[in-house]
Amino acid sequence: MRLPDDPIIRELLPEFCAMWDTYLEGAWWPGIRTSRDSQELYRFAHTVRGSFAQFGLPDGAELGLELVAAARAGDWDACEALVERLRGRLRDLKAALPPPCAP
């Protein structure tokens with residue numbers, strides 16, 4: 001995975017990854033999955049697209065677009081699969097990040 005060129009964005013990527021780990025594993029995605037709230041699903045999908053695009057991560061933004069389409073169609077199975085792919089993109093992104101500086 002190619003990291004964005006902007007040094008400020010690169011500095012923020014570990015926090016970005018941690019935030020999305022929380023969204024995917026914490027309350028947001030599991031809550032949507034449990035409640036089957038279509039409006040919240042669309043909001044989540046739109047946030048995926050926008051967040052990843054804003055951070056210069058086109059692979060994640062594209063998954064967000066696919067997730068928006070699946071949310072509009074009410075295709076929960078496709079949404080589940082796309083969220084799994086998003087988890088994979090986050091793993092790839094974290095693996096591409098440089099190790100933290102030693103104290």
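Okay, let's start with a cut-off: a residue is called buried when its relative accessible area is under 20%. Keep that in mind for Ser 51, which has 15% relative accessibility and therefore counts as buried. One caveat before going on: what you're looking at is a predicted model.

So where does Ser 51 sit? It's part of helix H3, the stretch covering residues 38-54. If we ignore neighbours within four places in sequence, Ser 51 is in contact with Phe 16 and Trp 20. Its sequence neighbour Phe 52 has a longer list, again leaving out anything within four places: Phe 16, Trp 20, Leu 57, Gly 60, Ala 61, Leu 86 and Leu 90.

Let me zoom out to the whole chain. There are five helices and zero strands, so if you read along the sequence you get α-α-α-α-α, with helices and strands taken as DSSP runs. The C-alpha trace spans about 45 × 25 × 20 Å along its principal axes. For 103 residues, a compact globule would have a radius of gyration near 13 Å, and this chain comes out at 14 Å, which agrees. Of those 103 residues, 36% count as buried. Now take the contacts with a separation of 6 or more: 60% of them are between residues 24 or more positions apart.

Quick word on the outside. The accessible surface is about 6,100 Å², and carbon and sulfur atoms hold 54% of that. As for charge, there are 12 positive and 16 negative, and their mean positions are 1 Å apart.

Now, the inside. In soluble globular proteins, nonpolar side chains tend to be buried together. Here the largest nonpolar core has 31 residues, and the ones with the most contacts inside it are Leu 13, Trp 20, Phe 44 and Phe 52. Which helices feed into this core? H1 (7-25), H2 (28-35), H3, H4 (58-73) and H5 (76-96) each supply at least two of its residues. The largest share, seven residues, comes from H5. And you've already met Trp 20 and Phe 52: those two are in contact with each other.

Let's move along H3 to Leu 41. From Leu 41 to Ser 51 is 10 residues along the chain, and their C-alpha atoms are separated by 15 Å. Is Leu 41 buried or exposed? Buried, because its relative accessible area is 1%. Outside its four-place neighbourhood in sequence, Leu 41 is in contact with Trp 29, Ile 32, Ala 71, Trp 76 and Cys 79.

Trp 76 is the partner I'd like to follow. It's found in helix H5, and with a relative accessible area of 12%, Trp 76 is buried too. Trp 76 and Leu 41 are 35 residues apart in sequence, yet C-alpha to C-alpha they're 9.2 Å apart in space. Setting aside neighbours within four places, Trp 76 is in contact with Ile 32, Arg 33, Arg 36, Asp 37, Ser 38 and Leu 41.

That list brings us to Arg 36, in the loop between H2 and H3. Most residues other than glycine have a negative phi. Arg 36 isn't a glycine, but its phi is positive, at about 55 degrees. Its relative accessible area is 44%, so Arg 36 is partly exposed, whereas its contact partner Trp 76 is buried.

That's my tour, thanks.

Notes. Residues are numbered from 1 along each chain as its sequence is written. This is a predicted model: local features need pLDDT of at least 70, side-chain atom pairs count only at pLDDT 80 or more; totals for chains, interfaces and linings use all residues. Side-chain values use heavy atoms; hydrogens and water are left out. Helices (H or I, at least four residues) and strands (E, at least two) are DSSP runs, numbered from the N terminus. Buried means under 20% relative accessible area, exposed over 50%, partly exposed in between (1.4 Å probe, protein chains only). Contact means heavy atoms within 4.5 Å. A nonpolar core is a set of buried Ala, Val, Leu, Ile, Met, Phe, Trp, Tyr and Cys residues joined through side-chain atoms within 4.5 Å. The radius of gyration is taken over C-alpha atoms; the globule rule is 2.2 Å times the number of residues to the power 0.38. Accessible areas come from the Shrake-Rupley method with a 1.4 Å probe; for residues, only the protein chains shown count as cover. Lys and Arg count as positive and Asp and Glu as negative; His and the chain ends are not counted. The place of a charge is taken as NZ of Lys, CZ of Arg, CG of Asp or CD of Glu.
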